[in-house]
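Work through the exercises below with the sequence and the model side by side. Try each task before reading its solution.

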Amino acid sequence: MSWTGKIGWGLVVVLLLVALWAPYMAPHDIRQQDLTARLQPPSRAHPMGRDEFGRDVFSRVLYGARVSLRVGITVVAICASVGTLIGALAGYYGGWTDRIVSGFLFNAFLAFPGILLALAMIAFLGPGVNNLILALSIIGWVSYARLIRGQVLKVKELEFVQAARAMGASDARILWRHILPNVVQPLIVQATLGVAGAVLAEASLSFLGLGVQEPMPSWGKMLDSGRAYLTTAPHLVLFPGLAIATTVLAFNFAGDGLNEWLHPQRSRST
Amino acid sequence: MDGILGILWRRLVLVIPVVWAVVTFVFLLLHLVPGDPVLAFLGETATPEQVAEMRHRFGLDRPLLEQYLAYWKQIARGDLGVTFVDRRPVAEKILSRYPATLQLAIAAVLVAVLIAVPLGVTAARHQGGIRDALASLVALLGIALPNFALGPLLILLFSVKLGALPPSGFGEPEHLVLPALTLGAALAAILTRLVRASVLEELRHDYVKTARAKGLDDRTVLYRHVLRNGLIPVITIVGLQFGVLLGGAIITERIFNWPGIGTLTIEAIAARDYPLVQGCLLVIALTYLVVNTATDFLYRVLDPRIQVE
């Protein structure tokens with residue numbers, strides 16, 4: 001794997017550990033306010049400084065990883081499952097199923113800019129983590145379904161599938177045992193890249209006040225509230241911004257690295 | 001049938017069901033509100049009479065199908081209803097904000113193209129060298145840094161530290177610089193990678209060898225021949241990314257207090273002014289659809305090699 005891919009996976013592991021162990025790693029209580037020490041710059045006791053309520057920014061950034069990755073991974077798991085099911089059925093059966101799925105559903109879902117669709121749903125459903133996950137899943141499954149449909153269309157014409165069919169295997173068995181294992185590689189690559197997208201979408205919506213709600217810390221929300229103190233306490237914008245950029249880069253590197261590793265030929269030519 | 005009119009006709013046929021889906025979705029959104037949208041807007045202190053009066057006024061006491069048909073009739077007339085807050089026409093409010101968003105989006109596309117084309121071409125010409133690596137790094141930053149992080153950082157640098165550009169405002173050209181840069185950065189990053197890949201691909205073709213064999217210098221080959229073909233995919237991506245740009249505009253407008261449709265949407269959401277939110281969403285989605293269809297059409301006309309499916 002390329003060095004960027006290795007760095008990406010290394011960072012992904014670190015981020016996952018931080019998300020899992022944030023309660024043990026955070027040096028301070030994330031809700032502990034100290035109004036006498038508000039907006040304090042980074043110091044030894046508070047390496048990322050304190051926010052407008054005097055809360056420890058470092059601890060809140062660590063907890064932010066928990067929220068971001070929880071949303072990112074849940075959304076990708078839902079999208080990949082639903083997308084695979086719908087894409088596989090459309091690709092395998094073709095005909096009317098495929099016409100409805102790829103001719104209409106894909107176009108209709110792609111007619112809305114993704115983030116706007118999520119924003120629209122949350123505007124009417126109300127903010128919160130669960131509605132956020134629901135909205136991002138509804139906009140996200142299409143790209144997985146398109147990928148899987150394309151892969152299934154290719155694989156179902158191969159000889160071993162024809163052989164399985166000739167031997168009388170059921171459709172369900174052919175799909176599950178013969179076709180799916182052969183389309184899972186690009187799915188994993190897309191899912192890795194998808195986490196980056198979902199993390200970014202969560203941060204965007206939380207920034208707009210439509211995602212994660214207080215007192216749960218979220219990088220997007222921290223950035224939004226830090227904007228008001230840009231001149232006096234730039235660390236309030238800097239550290240959550242860095243956290244988002246690192247996470248997005250890590251999953252992008254990891255996904256690209258995986259892709260190159262799985263298809264050395266294809267990636268060298270592009 | 002395969003002339004320009006044929007292509008146009010086939011595109012339009014594909015668009016009709018999508019427009020239906022968009023309008024239906026926006027209509028149904030109002031009924032997603034847990035409980036009652038009128039009650040959510042008026043709050044718990046509202047009397048039952050007030051709620052009933054408002055439900056009646058906005059037609060929310062009628063059967064769903066009747067509401068749906070009425071919504072279509074209204075849209076067909078170009079009427080987007082009236083707002084909850086001050087009962088003024090939604091279309092009027094949107095029209096007063098729409099030009100600002102359009103201005104921002106177009107400026108962002110310009111910024112992106114002006115950064116990406118020279119950067120991508122330089123990277124391709126010096127493939128594997130230090131300039132190529134630098135271009136990759138810039139592109140990477142543009143992708144990883146979301147606009148809500150980039151915007152405040154730009155304000156910090158150009159407004160607070162250097163005092164060179166205003167942190168917010170509207171009307172003068174200098175007000176447009178930071179918002180356009182913020183909104184265009186991600187697109188610039190995507191385009192840089194695309195231009196680089198596209199130029200590298202074109203450089204391999206025989207016509208480049210022919211042009212060089214004729215004795216043309218590198219610059220002429222690059223700008224007269226290679227870029228002309230290499231920029232076709234760029235047009236498509238700009239069009240397709242326009243939707244992402246419109247989504248990003250909501251955030252960028254909020255950072256710079258830009259008086260566009262994005263700020264209007266967020267204000268409407270905060271005030272639970274649902275008809276206004278519906279109107280904003282509909283207009284943004286239809287803009288996106290028009291741009292996408294136009295891009296696709298242009299692409300097929302520009303490059304006759306592409307088969308119409």
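**Exercise 1: a glycine after a helix**

G94(A) sits in the loop between α2 and α3 (95-110) of chain A. This is a predicted model, in which local features need pLDDT of at least 70, side-chain atom pairs count only at pLDDT 80 or more, and totals for chains, interfaces and linings use all residues. Residues are numbered from 1 along each chain as its sequence is written, while chains are lettered from A and ligands numbered from 1 in the order in which they are written.

Task: Find the sign of phi at G94(A), and state why G94(A) counts as partly exposed.

Solution.
- Step 1. G94(A) follows α2(A), and its phi is positive, near 60°.
- Step 2. Apply the burial rule: a residue is buried with 20 or more other C-beta atoms within 10 Å of its own, exposed with 12 or fewer, and partly exposed in between, with C-beta atoms placed from the backbone.
- Step 3. G94(A) has 15 C-beta neighbours inside 10 Å, so it counts as partly exposed.
- Step 4. Look across the chain. R149(A) is 55 residues from G94(A) in sequence, and their C-alpha atoms are separated by 9.5 Å.

**Exercise 2: the helix before it**

Task: Check the span of α2(A) against its number of residues. Then find how many of its residues are buried.

Solution.
- Step 1. Locate the helix: α2 of chain A covers residues 57-93. Helices here are DSSP runs (H or I, at least four residues), strands are runs of E (at least two), and both are numbered from the N terminus.
- Step 2. The expected span is 1.5 Å times one less than the number of residues. For the 37 residues of α2(A) that gives 54 Å; the end C-alpha atoms are 53 Å apart, so the two agree.
- Step 3. Count the covered positions: 26 of the 37 residues of α2(A) are buried.
- Step 4. Turn to its partner. The axes of α2(A) and α5(A) (residues 129-155) come within 5 Å and cross at roughly 35°. Axes are lines fitted to C-alpha atoms, for helices over the stretch in contact, and angles run from 0 to 180 degrees between N-to-C directions.
- Step 5. This crossing of α2(A) and α5(A) is right-handed. A crossing is right-handed if the near helix is turned clockwise from the far one by less than a right angle, and left-handed if anticlockwise.
- Step 6. The contact of α2(A) with α5(A) has 22 nonpolar, 7 polar and 2 charged residues. Ala, Val, Leu, Ile, Met, Phe, Trp, Tyr, Cys and Pro are nonpolar; Asp, Glu, Lys and Arg are charged; the others, Gly among them, are polar.

**Exercise 3: the two chains**

Task: Describe each chain by its helices and by its burial.

Solution.
- Step 1. Chain A has 10 helices and 0 strands. Chain B has 13 helices and 0 strands.
- Step 2. In chain A, 49% of the 270 residues are buried. In chain B, buried residues make up 38% of 309.
- Step 3. The C-alpha trace of chain A spans about 75 × 45 × 35 Å along its principal axes. For chain B the box is roughly 85 × 60 × 30 Å.
- Step 4. Check confidence with pLDDT, the predictor's score for each residue from 0 to 100. Chain A has a mean of 88, and chain B averages 86.
- Step 5. Within chain A, confidence is lowest in helix α10 (residues 264-269), at a mean of 54, and highest in α2, at 94.

**Exercise 4: where the chains meet**

Task: Count the residues that each chain gives to the contact. Then examine the crossing of α9(A) and α7(B).

Solution.
- Step 1. Chain B gives 38 residues and chain A gives 35. Two residues are in contact if their C-beta atoms, placed from the backbone, lie within 7 Å.
- Step 2. The side of chain B that touches chain A divides into 35 nonpolar, 2 polar and 1 charged.
- Step 3. The axes of α9(A) (residues 235-262) and α7(B) (residues 147-161) come within 10 Å and cross at roughly 140°. That crossing is left-handed.
- Step 4. V237(A), G241(A), I244(A) and A245(A) meet A149(B), P152(B) and L153(B).
- Step 5. The residues of this contact of α9(A) with α7(B) are 6 nonpolar, 1 polar and no charged.
- Step 6. The model scores ipTM 0.81 and pTM 0.85.
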